[in-house]
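Please look over the protein displayed here, beginning with its overall make-up and then turning to its interior.

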Amino acid sequence: MSEFDRQRDPRQKKFFGMHNKDRRDHGTWGLRRMPIILTKPGRERDRDGDSEKDRLMDNRSPAKPLSQPTPTIILRNRDAENRPASQQSARPTTVLRKESESQPVYQLAGKHGHPESANPLALPPTMKAPVKLLDETLQLSDAALEFLVEQPDFVVVGLLGAQGVGKSTVASLLASGGDPTASLRKPLFRVHGQEQFEYGTHCTNGIDMLVTSGRMIILDSQPLLSASIMDKLILQEGKKFGPGPPGSTGGGGAPDFSSTENTVEVQSLQQAAFLLSVCHIVILVQDWAFDPNIVRFLQTAEMLKPSTPTTADDEIIEYFPHVLFLHNHCNPSDFGPRIVKILQDMYNKMFLRSRLQIQTGIGIATGEVLEYLNSSTCGEPINLFLLPDLTRELTSDENEDETTATSKLFSGHPGLGMLVNSLRNQLLGSDIQPLTHATLTEKNWFHYTAKIWELVKKSSFFLEYSRLLP
């Protein structure tokens, strides 16, 4: 017997049997169960390896926080072109189409390229000529918006009157900051010339607007109840609709109102109601002692005026502007206390039940313009002002000396320059009420006028009034 056999255990090994459960699982005797090795996935193993490396490097560098997964951004960045093609191809087709489109960049630029427009503290451009607020077709124009600023200290003055009474001339006098005589020779607003007087036409179409350096916004309107405007309207309707049926006036289309005369009257009422709603002061210009038709027309416009609420003494009331009665081309005798008292008594009786403000300290009988025209000699003062015949101011020649010119211009009343300056100072210093319950700046006022004009045009009061006209 070899030594290997002697060292081997002579006893035979015996294998014990499994239970029935294990027998069913394995099916044979003598088979050993395979060992189960528990290992970590590759990701966790790599993570543990990294953490082990971090622990080893703690003594060399400070610990760094684990990097969080970055969210996916759909919008394209500038470095999107450097991304792998696999990432771009994994996205939806719609996203790729949006990324291929370039995103435009918009910048707000000023309407004009003046260097002053970039400075918010720069003064607005000076108006050398009026612009249209309402054009010939009575549509609102935004040409005046560039001359308005964001400040609430301003006054709006509107002028109403018949044809040829001198509305544009008075507007030019108010807009002139220096010598009024110079504004008569070169008026800012277009005035009647010899051609207009010969053909009986009007000059102003729609409403012209001019802003002075004193922040007075002057609105010069087209004439009220003008036969020239009616003739122009008939020609426009004839061109638009063609000749009408025999015995009819105007074009063949269906007009908005019953006749052309009623159309002109309703348009004039809309224009007057518009100025009564957006102006602080409305000047009614007349070229002779008294015109009852114009006064009755103003009362009708007050009746049809849309309701515009405002605040007064912490109460919400309906807004009504100051109304100034301006008589142009007055004779020297009209500046006497007797004539002024007669005019004031007549206006007081006619506007006794009116809500228009006619007693607000603007006038010639306050004692500030002429000492002998005061409350004791002319009665309770109202908003009444007189201007002399303007043609006399232009009769002096340049060769005459100052003494001869002064004696020729004096006619029992102060000169034109003193009267115009007094009128301008009274308008700028008047105690006006806000147009609305909120404070308006000049640009806000412009947007407010657009809203009021749309309200006036869509108002049913004027259509109902036109049905009552003959």
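The report below covers the basis of the model, the overall fold, the nonpolar core and one helix pair.

## Basis of the model

The model is predicted, so that local features need pLDDT of at least 70 and side-chain atom pairs count only at pLDDT 80 or more, whereas totals for chains, interfaces and linings use all residues. Residues are numbered from 1 along each chain as its sequence is written, and side-chain values use heavy atoms, with hydrogens and water left out.

## Overall fold

The protein has 17 helices and 9 strands, taken as DSSP runs (H or I of at least four residues for helices, E of at least two for strands) and numbered from the N terminus. Of its 470 residues, 39% are buried, that is, under 20% relative accessible area with a 1.4 Å probe, counting protein chains only. Among contacts (heavy atoms within 4.5 Å) between residues at least 6 apart in sequence, 72% join residues at least 24 apart.

## Nonpolar core

The largest nonpolar core, a set of buried Ala, Val, Leu, Ile, Met, Phe, Trp, Tyr and Cys residues joined through side-chain atoms within 4.5 Å, has 96 residues, and those with the most contacts inside it are Leu-219, Ile-283 and Trp-445. Helix H10 (residues 260-278) gives the most to this core, with 8 residues. Leaving aside neighbours within four places in sequence, Trp-445 is in contact with residues including Leu-148, Phe-154, Leu-219 and Val-278.

## Helices H10 and H17

H10 also meets helix H17 (residues 460-467), where Asn-262, Glu-265, Val-266, Leu-269, Gln-270 and Ala-273 in H10 are in contact with Phe-462, Tyr-465 and Ser-466 in H17.

How values were computed. Buried means under 20% relative accessible area, exposed over 50%, partly exposed in between (1.4 Å probe, protein chains only). Axes are lines fitted to C-alpha atoms, for helices over the stretch in contact, and angles run from 0 to 180 degrees between N-to-C directions.
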